[in-house]
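Here is a brief report on selected backbone features. Keep the model open while reading.

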Amino acid sequence: MESSLEKMVDPTLAEMGKNLNEAMKMLEDNQRKMEEENEKYARKDIPGPLQGSGQDMVSILQLVQNLMHGDEEESSSQSYRLQNVGEQGHMALLGHSLAAYISVLDRERLRKLTTRILSDTTLWLCRLFRYENGSAYYHEDDREGLLKACRLVIHSCYEDYTVEGFNVLYNKQPVIYISSAARTGLGQTLCNQLGLPLSCMCQVPCNTMFGSQHQMDVALLDRLIKDDIESGKLPLLLVANAGTPGAGHTDKLGRLKELCEQYNMWLHVEGVNLATLALGYVSSSVLAATKCDSMTLTLGSWLGLPAVPAVTLYRHEDPSLSLAAGLTSSQPVEKLRALPLWLSLQYLGHDGIVERIKHASQLSQRLLENLKNMDFIKTSVEDEFSSPVVVFKFSPELPNIDQMLHAGQTSIIQHPITSNERHIYDTFNQWLGEQLAQLVPASGVDVVELEDEGTCVRFSPLMTSAVLGTEVQDVDQLVDCLKMKIPILTCTLQLREEFEQEVKRTVGLSYIEDLSWPGLGVVRYNSDGKNDDKQEREVEVEKINTGLLKKLNELESDLSFSLGPEFGAEKNCVYIGMVTEDLDVSELVETIAATGREIEENSRLLENMTEVVRKGIQEAQVQLQKANEERLLEEGLLRQIPVVGSVLNWFSPFQASPKGRTFNLTAGSLESTEPTYVSKAQGTGTTPPPTPMSSRTKQRLPGQKLFKRSLRSSDGFSETSSVSHTDDLEKMEQRSHATSIVQEQGPVETEKAEQQNEAAQVTNDKTEDIQSDKAQKLGNDCTKVEEQESLR
């Protein structure tokens, strides 16, 4: 086409057209590039993972794996949980995937399928947990079921609530009653979600005189309800516990149900003990929960099912009010929440469900039986024969108090515990719970704060065993660890007072009372320097105590020394951890004081040495200046003239001996350098005086660590070893008198004194060598400077 056009058109025009096409092409390309660059610049804020055409599946899964495991240190505990997700857990995870797939079915088929899944799951749960003719609401947050029940009761009690809303609540304020042993923040959450003031929430105290101290006081609740009715309020709902969050105790559900029927109130029950409803034998206190108006079940933790919803079973006759309260939904997709449970319950079957709950109850019973025979351990359980939750604590007030009371020793009177003692006991129990959780992670024990008992250790296998895979051997290991920790706790507690008194009697040490520190105690070395500046004095104390901590950690001992908690109130202190019964407290305190004095003396020695060196250099400069003036007088004025002096020195050389000065750090004085030029060697000077050291070193057996005193069982061995060792030494010195010397006590004391002197001499020699080297180095430097000045 172009060739025929070129033949028909003037060649000049054809060339022009060709150039025009090329120019237009170049302009279009530039315009396209500019648009691409502008688009790229405008969309540069797109996050990195979303840029481009997407990532492959392998990269995305690798990212998920990295986020799940994280660092190697963090992955140890998490990987343990992942390893115990059994096949029933896989069924629950499969349910979530199937729910997403089923949601894309056509509407009619989806409705039939979700209705079948929801009705089956609700029927199975009602039969398993003895809750006849109930409905079910499936929710992710375990508090959401109680929230929906409150809305249902509000719709039922206030007929015009749907139309007028909160205006109908103004004339007759609703009241919701919860136990003081309920989980923290439950009442505030309900008020916030329902839009009610906090005055609508009434907290009912627990028993103080009779019954469990973790059960709701029914008589007091009756009086509170009557007072609210007389003041024009409407009692709406009561939240009871079948297993309190802290101690696992069950309220008197039978009497509470009667009280709710009397005042036309709704009774809602929640708690871990509801799981025992699936067992063949159920205690009467828990069985009364089947008569309540609603209950919340957390099957995920009970059966070890990951990401399954909680279930609230309830009874109500009006479906329209249930729909208005949000307990039921017309959306088929929301009904698919029950699919993971529907699959998991079928996979486990009745026997599998009962076996897991029964196994958890047996674990708690086994631990409780072992704790009964332990000294200094106090348990807090509701029923000694069937208690799914075991709460215990270290209680040093009276060992085996239960056995003593059963034996008829009722005349024993315990002294009242002071607030400081209780604080210390709480600190020790906090440490005990953390140690047990660290040593036996499969047990799932944790630390709980109870109002009356204080800090306790809780073992709730219904909430943890299915996920952690807790077995009988884990409980036995927990008991063994507890038996090892009790002597440490008792000894540390007994030696705390002795340590405090010993520190207060020692000069230079201050005892710091820190009730939140689980250990022997806290001590601080105070400098006896007379520094008026508070800031400089604090810096000096910090420096000494930091060096003291470093020295103590270098010693061969079983004690742990630290700076204490990171955000502790006390600073510049030495925190001493747990100890054993063979600790020599006096030796420990003496060692701390002597080491602190040694660090302080060394620090002052360096400071004094610096001052002496400064003054010595100033004196040396003055003497060198005088020596230069004397040299000028000896040489004469003519020798100072540049040309004349050179000629005069050539005809009559002037012999001047260099007069330098050396600074003796040991003596603190200036000396002449003439002996140095004569002997061609730097003199060492006199030996510095020995640094005073403490005589804290005592004789120890081979392999025995510091701060250990000999127990009664090892006295014979210690005495025999000392005598035989003394005999060997005396035979080397005086063989003729070996037998008579061994039989007397004097040589043993002489041997101890000799060993102490030898240890002190070795330490002094090391100190002397270090000081001599420093002095020699500084003296050499001063000599070099002085020689250069004299030569000039």
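The notes below cover a parallel strand pair, an antiparallel sheet and two loop residues in a predicted model.

## The β2-α10-β3 unit

Strands β2 (residues 174-179) and β3 (residues 201-204) run parallel and are joined by 4 bridges. Tyr177 has Cys202 of β3 as its bridge partner. Helix α10 (residues 186-194) joins these strands in a right-handed β-α-β unit.

## The antiparallel sheet

An open sheet is built from 4 strands in the order β12-β13-β15-β14, with antiparallel pairing. β12 (509-512) and β14 (561-562) are the edge strands; each has a single partner strand, so one side of each lacks a neighbour in the sheet.

β12 and strand β13 (residues 521-525) share 4 bridges and run antiparallel. Ile512 finds its bridge partner in β13 at Val522.

## Helices on the sheet

Helix α21 (residues 472-505) lies across β12, β13 and β15 (574-576). Its direction is at about 145° to β12. Helix α22 (residues 534-554) also packs on the sheet and touches β13, β14 and β15. The direction of α22 makes about 125° with that of β13.

## Positive phi in two loops

Most residues other than glycine have a negative phi. Arg130 is not a glycine, yet has a positive phi of about 60°. Arg130 sits in the loop between α6 (107-128) and β1 (135-139). With a relative accessible area of 33%, Arg130 is partly exposed.

Asn264, also not a glycine, has a positive phi of about 55°. The loop between α12 (253-262) and β5 (266-270) holds Asn264. Asn264 is exposed, at 65% relative accessible area.

Methods: Residues numbered from 1 in each chain as written. Predicted model: local features only at pLDDT ≥ 70, side-chain atom pairs only at ≥ 80, totals over all residues. Heavy atoms only, no water. Pairing = 2+ DSSP bridges. Right-handed = clockwise from strand over helix to strand, strands pointing away. Contact = heavy atoms within 4.5 Å. Axes fitted to C-alpha atoms, helices over the stretch in contact; angles between N-to-C directions. Buried < 20%, exposed > 50% of the residue type's maximum accessible area, 1.4 Å probe, protein only.
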